[in-house]
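Reader: I would like a close look at a single part of this protein, and a careful account of how that part is put together. Please take me through the pairing of the strands and then through the cysteines.

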Amino acid sequence: MYAICKIGGRWKLMILCKLEKGKLRFSEIKRCIPEITERMLALQLRELEKDGLVKRTVYAEVPPRVDYELTDIAIGLVPVWRQLEDWAVQHKSLLQNDKSKVHEIA
């Protein structure tokens, strides 16, 4: 249950997956997930940072630049969400096969 509280919800795991390939700026994450509002993205990033899953780096530039990246503990989750993704593909395929069988019988 602890893990689900840390990565659960609609957006957190999606944000973490987008950061898997490396550092991204806020606007880049937003572009990768167009369905999320800026307010929700900011909130989720703050929570992920508070939970030690995302590292936020602010650069002393004008205008200020902020990067987000996975922490080492979050990188440890990559195999877990890959397994979850594999399961989802199998589950989706199973449901689609079941639906087509129902249509064949009808």
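**Strand pairing and cysteines**

Author: In β3, the residue that stands as bridge partner of K55 is E69. This is a predicted model, and the pair just named belongs to a longer ladder, in which six bridges join strand β2, residues 54-59, to β3, with the two strands running antiparallel. Between β2 and β3 there are five residues, and the two strands form a hairpin. Strand β3, which covers residues 65-70, is also joined by two bridges to strand β1, residues 24-25, and this pairing too is antiparallel. Within the pairing of β1 and β3, the residue opposite R25 is D67 of β3.

Turning to the cysteines, the structure contains zero disulfides. A disulfide is a covalent bond between the sulfur atoms of two cysteines, and the cut-off applied here is that the two sulfurs lie within 2.5 Å. For C5, the closest cysteine sulfur is that of C17, and because 18 Å separates the two, they are too far apart for a bond. C32 is likewise in no disulfide, and its nearest cysteine sulfur, again that of C17, is 11 Å away. As for their surroundings, C5 has a relative accessible area of 57% and is therefore exposed, while C32, at 38% relative accessibility, counts as partly exposed.

How values were computed. Residues are numbered from 1 along each chain as its sequence is written. This is a predicted model: local features need pLDDT of at least 70, side-chain atom pairs count only at pLDDT 80 or more; totals for chains, interfaces and linings use all residues. Side-chain values use heavy atoms; hydrogens and water are left out. Buried means under 20% relative accessible area, exposed over 50%, partly exposed in between (1.4 Å probe, protein chains only). Two strands pair if DSSP finds at least two bridges between them. Helices (H or I, at least four residues) and strands (E, at least two) are DSSP runs, numbered from the N terminus.
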